[in-house]
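Colleague: Could you take me through one part of this model in detail? I'd like to start from a single residue and work outwards.

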Amino acid sequence: MNRRNTLAALLASALLAAGGGAHAQAKLKVGVMLPFTGTYAALGTAIDNGFKLYVQEQGGKLGGREIEYVVVDDESDPAKATDNVNKLINRDKVDVVVGTVHSGVAMAMAKVARDSNTLLMVPNAGADAVTGPMCAQNIFRSSFSNWQPGFAMGKVAAERKHKTAVTITWKYAAGAESVGGFKEAFEKGGGKVLNDLTVPFPNVEFQALLTEIAALKPDIVYAFFAGGGAVKFVKDYAAAGLNKSIPLYGPGFLTDGTLEAQGDAAQGMLTTLHYADSLNTPRDDAFRLAYVKAYKMQPDVYAVQGYDAAQMLAIGLKAVKGDLGKRAEFAAAIEKATIDSPRGPFKISKAHNPVQDIYLRKVDGKQNKAVGVAIKALADPARGCRM
Ligand code: BEZ
């Protein structure tokens, strides 16, 4: 062995003796794939903010490894998703991918993650398939399945003795699955869905469908929209005067992070979601204070999901001392953990989706105030997951 090799060997054994190993010393490359343009841009930014806030609170390291980010704007475009995620994995050589918001994009990401055994943390997209038929040891979700808030709202609507509903949404997986969850619980509780209306994603031309709703005269409308589209829909619904006679219900995405722009049009609306603005717990208060200090704006559900994706990653990394090669130990640590989330503590199901309380919220001024718990510890049915 020459002198240079001897020195390198000495250095390596010193690092190992320090308890880290080679993996613990290298930076952890995090591929962040989120929408930063288009109707979901604000959602992507909030997730990114939340994730980075948690990392900053840990001194910029998770599992002993410093974090380096590679960021991609996925534009909520499923047609570009496979290329985008492949670039992160093959060109940028990221250790983990965090993303995304749009269910169609997330399904393409999950397929690549499964095929390449890349670690994937999903901080929003609710595509039921991700923790259903596509579930895998290396795929985790810190948010919800589309079924969860929809099912909770169906139960609430039936309990409130509404008999008929019309649903309206964008025509893609998230809308269809949210409506599916709503319908399942609403019809089980004695309600009937008269018609399912859709517009292509991300269109916001709602007038013809609002006219159809007025003609159908249901007891209620259930709508899934989010981001910029939710702002436009809630405002158009009120401008058409429909909110006076037909209450508008939805999953909380309809009013989360959007109240500033929706103003009076959203007042009094009831929604169901795994987060609310007025939880008043020490954990949530501390998170909200830190978020406002860091970003000069209020957090929303998307910020919480980003924060919790980082927390889940930290739990796994800590268990394997930064060595992501130890996949089984990484997964086992997250599976047995209780995540100390601002939304309230939650656990991860066998399919790697949160088992969580779904709040009933009412819009009051600029807040989605919790007025009760629609369903406690709701687990997604994970239909088709074999793990
Ligand atoms: C989705 O595509 O899964 C989604 C997008 C925005 C809010 C909620 C769900």
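Which helix does Asp236 lie in?

Modeller: Asp236 lies in helix α9. Before the details, a word on the ground rules: this is a predicted model, so local features need pLDDT of at least 70 and side-chain atom pairs count only at pLDDT 80 or more, while totals for chains, interfaces and linings use all residues. Residues are numbered from 1 along each chain as its sequence is written, and side-chain values use heavy atoms, with hydrogens and water left out.

Helix α9 covers residues 227–239; helices (H or I, at least four residues) and strands (E, at least two) are DSSP runs, numbered from the N terminus. With 13 residues, α9 reaches 19 Å from its first C-alpha to its last, close to the 18 Å expected at 1.5 Å a residue (the expected span is 1.5 Å times one less than the number of residues). Just after α9, Gly241 takes a positive phi of about 80°.

Asp236 itself counts as buried, at 12% relative accessibility. Buried means under 20% relative accessible area, exposed over 50%, and partly exposed in between, with a 1.4 Å probe and protein chains only. Leaving aside neighbours within four places in sequence, Asp236 is in contact (heavy atoms within 4.5 Å) with Val204, Phe206, Gln207 and Leu210. For a sense of scale, the C-alpha atoms of Asp236 and Gly316, 80 residues apart along the chain, are separated by 45 Å.

Asp236 has company: the buried residues of α9 also include Gly227, Ala230, Phe233 and Tyr237. What covers the buried residues of α9 includes α3 (41–57), β7 (164–170), α8 (207–216), β9 (220–224), β10 (248–251) and α10 (259–262).

Two of those α9 residues, Phe233 and Tyr237, belong to an aromatic cluster that ring pairs build with Tyr40, Trp170, Tyr172, Phe201, Phe206 and Phe225. Phe206, then, is both a cluster member and a contact of Asp236. Rings of Phe, Tyr and Trp (its six-membered ring) pair if their centres lie within 6.5 Å; planes under 30 degrees apart count as stacked, over 60 as edge-to-face and the rest as tilted.

A search of the whole structure finds 21 aromatic pairs. One of them is stacked because the rings of Phe182 and Phe186 have centres 5.1 Å apart and planes at 20°. Both lie in helix α7 (residues 173–188), four residues apart, about one turn of the helix. An α-helix has 3.6 residues a turn, so residues three or four places apart point the same way. Phe182 is buried, at 0% relative accessible area, and Phe186 is buried at 0% too.

Moving further out, six strands form an open sheet of mixed pairing, in the order β2-β3-β1-β4-β5-β6; strands pair if DSSP finds at least two bridges between them. β2 and β6 (139–141) stand at the edges with a single partner strand each, so one side of each is left without a neighbour in the sheet. Strand β1 (residues 28–34) pairs in the parallel sense with β3 (residues 65–73) over seven bridges, and Met33 has Val72 as its bridge partner in β3. Strand β2 (residues 61–62) runs antiparallel to β3, joined by two bridges. These two form a hairpin with two residues between them, and Gly63 in the turn has a positive phi of about 55°.
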